[in-house]
Amino acid sequence: MTSLREFRRACHEVARRTGGRIVEFRIADGVTPNFHQGVLDYGGYRLSIVCTRDRTEPVVAVAEPRAIDGTAVGRHG
């Protein structure tokens, strides 16, 4: 990914191909977190596609959504 636009486009493509839907983008604009999240919903189960923000060669991963406001976001909360 070389831009935020490409990351968002990739998240939408993943959702389309896997039967999910994008419910939120969490864009990193401060010191932490240092990654962006695209949150997908699969009938009540949510996961995030995350992408590092400040690397020449970004790292992309799939994870449970990170709680931003102190509340649990995934199936464990």
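**Confidence.** I began with pLDDT (the predictor's confidence in each residue, from 0 to 100): the mean for the protein chain is 84, and 83% of its residues reach 70 or more. Over residues 70-77 the pLDDT is below 50. Beyond near neighbours in sequence, I found ten contacts for that stretch in the model, where contact means heavy atoms within 4.5 Å.

**Ground rules.** I note that this is a predicted model, in which local features need pLDDT of at least 70 and side-chain atom pairs count only at pLDDT 80 or more, while totals for chains, interfaces and linings use all residues. Residues are numbered from 1 along each chain as its sequence is written, and side-chain values use heavy atoms, with hydrogens and water left out.

**Layout.** I looked up the secondary structure and got one helix and four strands. Helices (H or I, at least four residues) and strands (E, at least two) are DSSP runs, numbered from the N terminus. Read from that end, the elements go α-β-β-β-β. Of the contacts with a separation of 6 or more, 26% are between residues 24 or more positions apart.

**Surface.** The accessible surface of the protein chain is about 5200 Å², and carbon and sulfur atoms hold 49% of this. The areas come from the Shrake-Rupley method with a 1.4 Å probe; for residues, only the protein chains shown count as cover. I then checked burial (buried is under 20% relative accessible area, exposed over 50%, partly exposed in between; 1.4 Å probe, protein chains only). Buried residues are 26% of the 77 in the protein chain.

**Core.** Which residues form the largest nonpolar core? I listed seven: F7, C11, A15, F25, L40, I49 and C51. α1 (4-18) and β3 (45-52) each supply at least two of these residues, and the largest share, three residues, is from α1. Such a core is a set of buried Ala, Val, Leu, Ile, Met, Phe, Trp, Tyr and Cys residues joined through side-chain atoms within 4.5 Å. In soluble globular proteins, nonpolar side chains tend to be buried together. I followed C11 further: leaving out residues up to four places away in sequence, C11 touches I22, F25, G38, L40 and I49.

**Cis bond.** Where does a cis peptide bond occur? T32 and P33 are joined by one, with omega about -5°. P33 lies in the loop between β1 (21-26) and β2 (35-42). Most peptide bonds are trans.

**Y45.** I placed Y45 in strand β3. Y45 counts as partly exposed because its relative accessibility is 30%. From Y45 to E64 I read 9.3 Å, C-alpha to C-alpha, with the two 19 residues apart in sequence.
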